[in-house]
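Thanks for sharing this one. Here are my notes, set out as numbered points for you to follow with the coordinates open.

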Amino acid sequence: MTTLPETTNRKLGLVIDLDVCVGCHACAVACKEWNTGAYGAPLSDQDAYGAEPSGTWLNRVHSYEVKPQDGPAQIVHFPRSCLHCEDAPCVTVCPTGASYKRAEDGIVLVNEDRCMGCGLCAWACPYGAREMDMDAGVMKKCTLCVDRIYNAQIPAEDRVPSCVRTCPANARHFGDLADPESDVSRMVAERGGYDLMPAQGTRPVNKYLPPRPKTPCETGPGGAGEASVATPPGSLLGWLDRALAVIDGE
Amino acid sequence: MHPAFSVIVFTTLSGIGFGLMALLGLGFGVPGAGFQWSATIVAFAFAVIGLLSSVLHLRSKSRAILAFSQWRSSWLSREGVCSVVTLGLFGIYSLVLLLMGTRLAALGFAAAVLAMVTVFTTSMIYAQLRTVPHWASWITPAVFLGFSIAGGVLALSALLAISGAPSARMAAQWAMVALIVAWAAKAAWWRRAAETSLEAAGSGIGDATGLGVLGAVRPFEPPHTSPNYLMREMAFEVGRKRARALRRIAIACGAVAPFLLAGLAAYVGAAAPLLMLAVILHLVGMLAERWLFFAEARHAVGSFYGIGQSVARPSSQAA
């Protein structure tokens, strides 16, 4: 049934540190690599070597410019994937029972044998976490690497989602967000981890850690800038400046 | 949102079909094999062609049968169940009426109620989506029900006129009333839509990224080089270019022309050809209206791509 569990014993999810992410897209590539050979149908590509390549990815990395009112603009790299919401609208809209949220760990999955490819779950998700596979005709989404995290066949250090394992900057963290003592929960508490689009009422499990505030730099670019370059009154430059001001009509 | 032709055809045709079924179930037809057969066939044709069309947009059509299973949580599943039950009840009602000449009023009433419930469930597939602020309103079901009834009354009046029933004139008058009510709801829907934005719904780029608290957010580098499924499906820009022309077609064909033609049929005469033309024009107008319903609606996911933002500015949370 595509009704949601009342509560889940654990809330497995990701914490993504936007202060650390360097936008290298390694997580997206590692995700594509693992999930094309793992759970369910492979992640297909269309026109992969043509003019308009397109394909199914479960993780996408955006880059944004953020311009504070009084300060220099900064770039924030922003990985976007399924947030494994507690109140997941993608699950309840599913007419076939393909989408479900696991009571034991809160992971949201698609049973591809039941998916008819109507696409309504992708419409219901505000985060663009679900992409239709154009080859298999079923909906694909992040599985939180359910086939890695419980996999006794691989070394213990590899039993985390592929994106977390591969991130060279250590911007991605995996853990149980229901446990207040877990590393991820502590990180969220210390750094003010937040939900995306809280007004959607989805109660995401994944959290984002905001970029740390920049140290202001008075004379740097975006600060007071060139106007603040001082011209000491007693110097040759100061005399020249005053002389030019007279010619300028000041 | 991407206006999939199969879904546009589905919502318009099945709306008219179920509207006509509701009226026939309530006993608004006239005795006589000619009318009874033609009305039943027309109602079934509209509803069934519409429902079959909805299957066309599925990527794995062979699993469509599973869509009847999740009625406890899913409006799409409820719509599937309600439409099949309605078709079944109306089918039995019609067979008994056509073959034995007995009108089972209670069964007809049940089919009529279920026909309207089906249209309501169709509308809720869209109205439930908080991700699309244009749709997430109780006015959406009002519009779907209004157009279903208006299309049904218009079709009923044409069928009555063709079979020479004197009640065709009164049906045409009721069609005028139904058109006014339905378009009043649509006018209210359009007025609300004009004031609705992703930012106002807390789904602009600042809230989507959560970076709006820091300053004005602008997409710098996209995550991929060519459009993907999300952009094709939910950040559809093309259909909006001709929005004003399509809105004029919707109003002219869907509202003004059928209203005037129904008026001529009711008060002047030559009802049958005028009302048939009214039904066809109304359908054209409805297709334009439904195209805009999809094409003009903006989905929250567009915010991540900087699509659908009125202006780049800090979110409401920014000091």
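1. A residue is called buried here if 20 or more other C-beta atoms lie within 10 Å of its own, and C-beta atoms are placed from the backbone. By that count, six of the eight residues of β5(A) are buried, so the strand is mostly covered. Please keep in mind throughout that this is a predicted model.

2. Let me stay with β5(A) and look at its partner. β4(A) and β5(A) pair in the antiparallel sense, over eight bridges. The two strands are joined as a hairpin through six residues. If you want a landmark for the pairing, try V66(A), which stands opposite Q74(A) in β5(A).

3. β4(A) also reaches across to the other chain. Which strand of chain B does β4(A) join? The partner is β1 of chain B, residues 216–221, with five bridges between the two strands, which run antiparallel. Here Y64(A) is found opposite P219(B) in β1(B).

4. Now for the contact between the chains as a whole. Chain A brings 52 residues to it and chain B brings 46 residues. On the side of chain A that touches chain B, at least two residues each come from β4 (59–67), β5 (74–81), α3 (120–124) and β8 (131–132) of chain A. The most is given by β4(A), with eight residues. By character, this side of chain A divides into 30 nonpolar, 15 polar and seven charged residues.

5. The largest nonpolar core has 177 residues, and L20(B), M21(B), V153(B), A172(B), A175(B), A262(B) and L275(B) touch the most other members. Helix α5 of chain B, residues 139–162, supplies the largest share of this core, 16 residues. A262(B) is a good place to start looking: neighbours within four places in sequence aside, its contacts are L154(B), S157(B), A172(B), A175(B), M176(B), L275(B) and A278(B).

6. Back in chain A, there is an open sheet of three strands in the order β10-β1-β11, with mixed pairing. Why is one side of β10 and of β11 left without a neighbour in the sheet? β10 (172–176) and β11 (207–209) of chain A stand at the edges and have a single partner strand each, so one side of each has no neighbour there. Direction ignored, neighbouring strands of this sheet are turned by 25° against each other on average.

7. Within that sheet, β1 of chain A (residues 12–17) and β10(A) run antiparallel and are joined by five bridges. One pair to check is L14(A), whose bridge partner in β10(A) is F174(A). Helix α6 of chain A, residues 183–191, lies across β1, β10 and β11 of chain A and runs at about 115° to β10(A).

8. Finally, two backbone angles that deserve a look. Most residues other than glycine have a negative phi. L144(A), which is not a glycine, has a positive phi of about 55°. L144(A) sits in the loop between β9 (139–140) and α4 (146–149) of chain A. R203(A) is a residue other than glycine with a positive phi too, near 50°, and its place is in the loop between α6 and β11 of chain A.

9. Are these two residues buried or exposed? L144(A) is buried, with 27 other C-beta atoms within 10 Å. R203(A) is partly exposed, with 13 other C-beta atoms within 10 Å.

Technical notes:
Residues numbered from 1 in each chain as written. Chains lettered and ligands numbered in written order. Predicted model: local features only at pLDDT ≥ 70, side-chain atom pairs only at ≥ 80, totals over all residues. Contact = placed C-beta atoms within 7 Å. Helix = DSSP H or I, 4+ residues; strand = E, 2+ residues; numbered from the N terminus. Nonpolar A, V, L, I, M, F, W, Y, C, P; charged D, E, K, R; others polar. Pairing = 2+ DSSP bridges. Buried ≥ 20, exposed ≤ 12 C-beta atoms within 10 Å, placed from the backbone. Core = buried A, V, L, I, M, F, W, Y, C linked by C-beta atoms within 7 Å. Axes fitted to C-alpha atoms, helices over the stretch in contact; angles between N-to-C directions.
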